[in-house]
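Reader: I have a chain to look over before I set anything up. Can you walk me through it?

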Amino acid sequence: MIRVVVVGLLLLTVRTSALSEPLDLNPNPDLTPQQVVEFQLDALRIERSFRFASPSNRLVTGPLSHFSEIVHSPGYSALLGSQATEVRGVAVQADQARVYVTVTSANGSQLNFLFMLSRQGEGDYHDCWMTDSVMKLPSDDNGNQIAI
């Protein structure tokens, strides 16, 4: 089930069911920014997440072995084996998107992350949404208003 909430010009969506996409999904132009992030968060498979990293992101975080080290670092390890994830907000402007996510880690703590995506303009991933960066954010206190 998806719940949609409009706050000013920001459209918030909350997905409460699991994804049912095939396990080997790759970037394609039919995926929305939210779907890209949800697919990466689904049991965070490191190889899958790296597959959705934009070419510019891969220049900084690659190769896959280095990307894996980053994901296992204290700032991002909560994404591994998380109990639950919730997309709390999506903002799209032209070819840029921000997806705000709350993750319940394996130990039960809730952490917020901001995924920055861009629609690729050329090459093998033309028109595909891909992740440029992921930032850990401070937790919100009220859980209602999210500014991204």
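**Fold, confidence and local geometry**

Author: To begin with the range of the contacts: among those in the protein chain between residues at least 6 apart in sequence, 45% join residues at least 24 apart. Bear in mind that this is a predicted model.

Reader: How confident is it, then? What is the mean pLDDT of the chain?

Author: The mean pLDDT of the protein chain is 80, and 76% of its residues reach 70 or more.

Reader: And where does pLDDT stay under 50?

Author: Over residues 1-23. The model has 44 contacts beyond four places in sequence for that stretch. Where pLDDT is low, the predicted coordinates should not be read in detail.

Reader: Noted. How many helices and strands does the chain have?

Author: The protein chain has 4 helices and 6 strands. Along the sequence the pattern is β-β-α-α-α-α-β-β-β-β.

Reader: What share of the residues is buried?

Author: Of the 148 residues, 39% count as buried. The accessible surface of the chain is about 8100 Å², and 54% of that belongs to carbon and sulfur atoms.

Reader: Which residues of H1 are buried?

Author: Pro33, Gln34, Val36, Val37, Glu38, Phe39, Gln40 and Leu41. That makes 8 of the 9 residues of helix H1, which spans residues 33-41, so the helix is largely enclosed by the rest of the structure.

Reader: Switching to the strands. Is Gly89 buried or exposed?

Author: Gly89 is buried, because its relative accessibility is 0% and the cut-off for buried is under 20%. Gly89 lies in strand S3, residues 84-93.

Reader: And what separates the C-alpha atoms of Gly89 and Val101?

Author: A distance of 7.2 Å, with the two residues 12 apart along the chain.

Reader: Electrostatics next. How many salt bridges does a search of the whole structure find?

Author: The search finds 1 salt bridge. The side chains of Asp95 and Arg119 form it, with an N to O distance of 3.2 Å. The pair links distant parts of the chain, 24 residues apart: Asp95 is in the loop between S3 and strand S4 (96-104), and Arg119 is in strand S5 (residues 110-119).

Reader: What about the accessibility of those two?

Author: Asp95 is partly exposed, with a relative accessible area of 38%. Arg119 is also partly exposed, at 29%.

Reader: Backbone oddities? Which residues does a cis peptide bond join?

Author: Gly62 and Pro63, with omega at about 0 degrees. Pro63 sits in the loop between helix H3 (55-61) and helix H4 (64-72).

Reader: And positive phi outside glycine?

Author: Ala94 has a positive phi of about 55 degrees, and Asp127 has one of about 70 degrees. For context, most residues other than glycine have a negative phi, and most peptide bonds are trans.

Reader: Where does Ala94 lie?

Author: In the loop between S3 and S4, the loop that also holds Asp95 of the salt bridge. Ala94 counts as exposed, because its relative accessibility is 67% and the cut-off for exposed is over 50%.

Reader: And where is Asp127 found?

Author: Asp127 is in the loop between S5 and strand S6 (129-137). Its relative accessible area is 32%, so Asp127 is partly exposed.

Reader: Good. What should I mark as low confidence before setup?

Author: Residues 1-23, where pLDDT stays under 50.

Definitions and conventions: Residues numbered from 1 in each chain as written. Heavy atoms only, no water. Helix = DSSP H or I, 4+ residues; strand = E, 2+ residues; numbered from the N terminus. Buried < 20%, exposed > 50% of the residue type's maximum accessible area, 1.4 Å probe, protein only. Contact = heavy atoms within 4.5 Å. Areas by Shrake-Rupley, 256 points an atom, 1.4 Å probe, with all protein chains shown as cover. pLDDT = per-residue confidence, 0-100. Salt bridge = Lys/Arg side-chain N within 4 Å of Asp/Glu carboxyl O.
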